[in-house]
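Got your viewer open? Let's walk through this model one selection at a time.

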Amino acid sequence: HHIYMINALTFSSHVFAVPLALLLSVAGFKCFERGILHAFGARVIWLLIGAQCIALCAALYQPFVPFGAVILFVSMIRTDRYKTTDVGTFILLSAIGSCLGLLAYVAQAHLAAQLHDHVPTTNRVALASAHELQDKLENSLRLLGQIWRGSLQRIPFAVKTLNSAYIGIGVLLSVGLSIHVLARPPRNWMNALRILVGMIGILLLPLLIWFAYDGPWLPSRAVAYVGLLAAVFYLAVDAEIRARGFTAPIILGLPLIVALTYAFMAPFVWSDQSEMGDRDEALAEKIMARVAELEGYDGAPFRIVGHTDYPDLAWGDMIGWTVFHAGNSRPGIFKDMYDLD
């Protein structure tokens, strides 16, 4: 129900593929986690299975590959369940497995292309150069400010404020938890550091996509899972607090409020999407009627000039793109409705 995920599901072909890509990324990192528990032979098997999951995820949507790393960051926060040595092994297996997975993806894409006689597109997300990476580091705070102001999505001010409180309180909880680890004996600097790194990792995971690929802007489809990350963050912090002997059910109150808010808002977004589709179909029918009236028209492909939009239905980014937007030179609606180019 998060508005970014609604944006990711704008095209009907994404409704199954996008969640499947997220699931495959999670499955890959769960395999790397399983490798911690086994001897060398079984560890290699889990590593290879996880790498194949990463390869399949990349084949569906490359920017979703890092999503499963949230499990790695949770293991850092959960000092009650994971020893520091286990976390180190987890990091090593994740790094090796992810590299193997991306290599397998490229190889398998070329193999599939040879079987189907077409040129594969394996670099949909090109890596940023060192100069571009430096530029992004310098502009990261400005990007976060633009996102908050609604440059990715036009979220109501009250919801933006709720989001800010959601992240801010989560950061305070994690910092407080780290201080608690240091203040009470046995003081464990490594555990405190793990909690902070895990917290920062979960919160900033979507930005890793932005830093990794060659492009000045951050598409909301690439960070569609931000709502899931925020929920996992609170659950992990709450579990760690409970493991230290505290009961604080109120901690999960704020995530519940956020979830209900987005669930309440989602039907309005989907309704506007549906209305936009109805308007596009009506406009396509009008255009087709005019074309059919032209003397000598025999049903051949035709060209239209110009574009339109519906500001009253737009929620930002692709949740607001009519079929007839300015960047769409070949609107497929005529192919779908009339089998015409």
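Start by selecting A224. Skip its neighbours within four places in sequence, and the residues in contact with A224 are Y4, M5, A8 and F64. Keep in mind as you look around that this is a predicted model. A224 sits in the loop between α8 and α9. Is A224 buried or exposed? It counts as buried, at 3% relative accessibility. For a sense of scale, add D341 to your selection: A224 and D341 are 117 residues apart in sequence, and their C-alpha atoms are 32 Å apart in space.

**Stop two: N7**

Now click on N7, which has its place in helix α1. N7 counts as buried because its relative accessibility is 0%, and the cut-off is under 20%. What does N7 touch, once residues up to four places away in sequence are set aside? The list is Q153, S220, R221, G316, D317, M318 and I319.

**Stop three: the largest pocket**

Next, show the largest pocket, which holds about 1,000 Å³ of space. Its lining is made up of 36 residues, and H2, Y4, N163, I167 and V226 are the ones nearest its centre. Y4 is a familiar name here, as one of the contacts of A224. Colour the helices and you'll see that α1 (3-8), α6, α7, α8, α9 and α10 each supply at least two residues of the lining. Which helix gives the most? That's α9, with seven residues.

**Stop four: helix α7**

Select α7, residues 157-183. With 27 residues at 1.5 Å a residue, α7 should span 39 Å, and its end C-alpha atoms are 38 Å apart, which agrees. Now pick out the buried residues of α7: V159, K160, L162, Y166, G170, S174, L177, S178, H180 and V181. The cover over these buried residues includes α6 (130-149), α8 (189-212), α9 and α10 (253-293).

**Stop five: aromatic rings**

Time to show the side chains of the aromatic residues. The count comes to ten aromatic pairs. One to zoom in on is Y166 with Y234, a stacked pair with 4.8 Å centre to centre and 10° between the planes. Y166 lies in helix α7 and Y234 in helix α9 (residues 226-243), so this pair ties together parts that are 68 residues apart in sequence. Both Y166 and Y234 are buried.

Stay with Y234 and bring in F233. These two form an edge-to-face pair, with 5.7 Å centre to centre and 80° between the planes. F233 counts as buried, at 2% relative accessibility, and Y234 has a relative accessible area of 2%. Then swing over to Y61, F64, F67 and Y225, which ring pairs link into a cluster.

**Stop six: the nonpolar cores**

Which members of the largest nonpolar core touch the most other members? Among its 75 residues, the answer is I3, F64 and I202. The largest share of this core, nine residues, comes from α8. Centre the view on I202 and, leaving out residues up to four places away in sequence, look for what I202 touches: V70, F73, V74, I77, L229 and F233. Another core of nine residues lies apart from the largest one, and its members include I287, M288, I333 and F334.

**Stop seven: helices α4 and α5**

Select M76, in helix α4. M76 counts as buried, with 7% relative accessibility. Beyond its neighbours within four places in sequence, M76 is in contact with V87, I91, R194, I195, V197 and G198. For a long view, add D309: the C-alpha atoms of M76 and D309 are separated by 46 Å, and the two are 233 residues apart along the chain.

V87, one of those contacts of M76, leads you into helix α5, where V87 is among the buried residues. Select α5, residues 84-116. It has 33 residues and reaches 47 Å from its first C-alpha to its last, close to the 48 Å expected at 1.5 Å a residue. Along with V87, the buried residues of α5 include F90, L93, S94 and G97. They pack against α2 (14-35), α3 (40-60), α4 (70-77) and α8. For the last click, go to D117, which follows α5 and has a positive phi, near 60°.

Methods:
Residues numbered from 1 in each chain as written. Predicted model: local features only at pLDDT ≥ 70, side-chain atom pairs only at ≥ 80, totals over all residues. Heavy atoms only, no water. Phe/Tyr/Trp six-rings, centres within 6.5 Å; stacked < 30°, edge-to-face > 60°. Helix = DSSP H or I, 4+ residues; strand = E, 2+ residues; numbered from the N terminus. Buried < 20%, exposed > 50% of the residue type's maximum accessible area, 1.4 Å probe, protein only. Expected span 1.5 Å × (residues − 1). Contact = heavy atoms within 4.5 Å. Core = buried A, V, L, I, M, F, W, Y, C linked by side-chain atoms within 4.5 Å. 1 Å grid on protein atoms, 1.4 Å probe; cavity = no way out; pocket = protein on both sides within 12 Å on 5 of 7 lines; lining within 4 Å. Points joined across faces, edges and corners; volume = space filled by probe spheres on them.
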